[in-house]
Amino acid sequence: MNKVNHNTLVYVVEDSLSSGALYCRQLEKAGFTTKHFIDGYSALAAIQQHMPAVIVQDVKLPDISGLDVLQFVKKLSSAAQVVIITSDSSIDIAVEAMRLGGFDFIEKPFTAERLVASVINANKQNKEDQVTTNHKTEKLLLSKENVVGESLAMQTVFRLLHSASRSKASVFVTGESGTGKEVCAQTLHNSGARSQGPFIAINCAAIPAELFESEFFGHVKGAFSGALTERKGAIEVANGGTLFLDEICEMALSLQAKLLRFLQTGTFCKVGSNELQQSDVRIICATNRNPSAEVGEGRFREDLYYRLNVIPVKLPPLRERGNDVLLLAKHILQKKSVENGKAFQQFSPEVEQFFLNYDWPGNIRELQNTIENIVVMHDEAVVSMSMLPSNVVKHQYDTLKNTPANQTSQNPPNPVHSHRDIVPLWIVEKNTILSAIASCDGNIPLAAAYLGVSASTIYRKMKAW
Amino acid sequence: MISSNASVSLPLLDQTVTQAIVDDLGDDVTHQLLHLFIQELQQLLHKINIATVEQDNAVITDALHILKNSTALYGASKLAFMANALYEARLLTPLQRFEYAKELMAIGQQTLALYRFHFKSQGTSKDNYE
């Protein structure tokens, strides 16, 4: 028989002194350290003090049921594996115990080999679970790679996601379009206990109102014209996993009432059926609107809002994330270069400066599209200003043109009173260019972007001065 | 009524079971365990005896729950069979149960005596189970 680590602690909860003592000696011979409890409450007290690796648990105890002990253990973090021992008459209870998370059950009387083998397997499972838990922690950290960011705003988001990943509570993600709401939902799903279950995403704005109920709850054959076969809805498909409802504020009020009903009871009926079905689903929803304003204007049910808004996560716009834009840009550049077989390594300092100054109205989605455009259209090691898509440069130019300071500079120059006051055009142009370069801390490509010309034009003019 | 005939062929002490414990855990540990078993058996029989006199069915059932398993573990096969039969005999009237409990008590006392004798005759000072 395999020997195990002597520090591996096993609690034996068995109301017979002589039986419990025999089990303990058999397990000690196999290398386990054991403690014997003859009632449930003593075991619970000891479990609270120190969680063993495995608990050998009799079902019928003089004070409480062994199932109560099992349920108590399974609610705790780093729970022990529980091997249920039972006589013939309590098989049904043992089956229930397995449903509650018991590792194994053994019918009394059993051989020493059967007991020891079960405890060794339970201990092995316990170790694997610990590895899985550690792996899940790492997984959460890895998941953050997809929600890249070091800014204070994002640190807050990470903390929220970390807490949310350990519960089933509904999460309401808000943020401007393109801030990564679906990525956030997917990260939450991947990091939580439901990661092995399905992740079903529905865009509430993209489904016609008349089809929504069917998409959501499914339908039976003949429920409406065109319902030729029975179909599962998103809620049924997402059973055991996560249902992500994007653009939740676009959902019709009538459907909101049905969603609320589902959230309250966990049950639903397919369209055309009266049969109640159950589904265990975690809801994550998102909107780029202000949900409380939508509630105020009567477009979103208040009761549904409070039920969904258990953990609110607000994703900041990219323009408020400081240096995160560069972290994200580098992450995306690396990814897109690999995807497209290109050799891009980095951004030029001018491009980095441009990225930091740009207001990114389309947020991360715009940054991603910009970089993908560059990677597809060019093939260098360094991304330079001339590679930036014209729409991005033009948007920046328009933005700057409309800033109050620049609007002032666009005012007609003071009228000249004599021909001696007239300044040659090339000097006006030179002063304007030098002024722009000075405003951009010597960054010529950036100054060129602000001036609405290419950098090469400025270099050519400077050469001529 | 439960027939105790089925238990006739079963031994009061199945030495293959106790020998398996000795083989597995050695003499010293087995003696300690049997000491515990005999003490517990004595207590349980006492409990059943009082409960039978007082006609307290719940106490008998609780005692039988422990008895049927521990006796099976330590090779008291006949008593294990009877304890299990009485524990499972839900259709018996209370009176029938008490009658059968008396039969069980008699077998229990024989078993206890045999265990005491058997392990006392093994001849160590630890074996004083009186």
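Contact here means heavy atoms within 4.5 Å. With that in hand, let us explore this predicted model through a few exercises.

**Exercise 1. Two helices from two chains**

Task: Find which residues of H1(A) meet which residues of H2(B), and work out how the two helices are oriented.

Solution:
- Start with the elements themselves: helix H1 covers residues 17–29 of chain A, and helix H2 covers residues 27–54 of chain B.
- Next, list the contacts. On the H1(A) side they involve Leu17(A), Ser18(A), Ser19(A), Ala21(A), Leu22(A) and Arg25(A), and on the H2(B) side Val29(B), Leu33(B), Leu36(B), Phe37(B) and Glu40(B).
- Two packed helices are described by the angle between their axes and the distance between the axes.
- For this pair the angle is about 160° and the axes lie 8 Å apart. Angles over 145 degrees count as roughly antiparallel, so H1(A) is roughly antiparallel to H2(B).
- Finally, the crossing of H1(A) with H2(B) is left-handed.

**Exercise 2. A residue in H2(B)**

Task: Decide whether Thr30(B) is buried or exposed, and name its contacts beyond the neighbours within four places in sequence.

Solution:
- Locate Thr30(B) in helix H2 of chain B.
- Its relative accessibility is 2%. Buried means under 20%, so Thr30(B) counts as buried.
- Setting aside neighbours within four places in sequence, Thr30(B) touches Thr18(B), Ile21(B) and Val22(B).

**Exercise 3. Building the sheet of chain A**

Task: Put the five strands of the open sheet in order, and explain why two of them are edges.

Solution:
- Begin with E6(A), residues 171–174. Four bridges join E6(A) to E13(A), residues 282–287, and the two run parallel.
- E6(A) also pairs in parallel with E14(A), residues 311–314, again over four bridges.
- Thr174(A) illustrates both pairings: Thr174(A) stands opposite Thr287(A) in E13(A), while its bridge partner in E14(A) is Lys314(A).
- Now add E10(A), residues 242–246, which pairs in parallel with E13(A) over four bridges. Here Thr242(A) is opposite Arg282(A).
- The full order is E7-E10-E13-E6-E14, with parallel pairing. E7 and E14 of chain A are edges because each has a single partner strand, which leaves one side of each without a neighbour in the sheet.
- From one strand to the next, the twist averages 15°.
- Look once more at the side chains of E6(A): Val171(A) and Val173(A) point one way, Phe172(A) and Thr174(A) the other, and all are buried.

**Exercise 4. A loop residue**

Task: Find where Ala205(A) sits and which residues it contacts, leaving aside neighbours within four places in sequence.

Solution:
- Ala205(A) lies in the loop between strand E7 (199–203) and helix H8 (209–217) of chain A.
- With a relative accessibility of 48%, Ala205(A) counts as partly exposed.
- Ala205(A) contacts Asp246(A), Glu247(A) and Glu250(A), neighbours within four places in sequence being left aside.
- Ile248(A) is 43 residues from Ala205(A) in sequence, yet their C-alpha atoms are 7.8 Å apart.

**Exercise 5. Cysteines**

Task: Explain why Cys249(A) forms no bond with the cysteine whose sulfur is closest.

Solution:
- A disulfide needs two cysteine sulfur atoms within 2.5 Å.
- The closest cysteine sulfur to that of Cys249(A) is in Cys285(A), at 8.2 Å, so the gap is too far for a bond.
- Across all chains, a search of the whole structure finds zero disulfides.
- As for exposure, Cys249(A) is buried at 5% relative accessibility, whereas Cys269(A) is partly exposed at 28%.

Definitions and conventions
Residues numbered from 1 in each chain as written. Chains lettered and ligands numbered in written order. Predicted model: local features only at pLDDT ≥ 70, side-chain atom pairs only at ≥ 80, totals over all residues. Heavy atoms only, no water. Buried < 20%, exposed > 50% of the residue type's maximum accessible area, 1.4 Å probe, protein only. Pairing = 2+ DSSP bridges. Axes fitted to C-alpha atoms, helices over the stretch in contact; angles between N-to-C directions. Parallel < 35°, antiparallel > 145°, perpendicular 65-115°, else oblique. Left-handed = near helix turned anticlockwise from the far one by under 90°.
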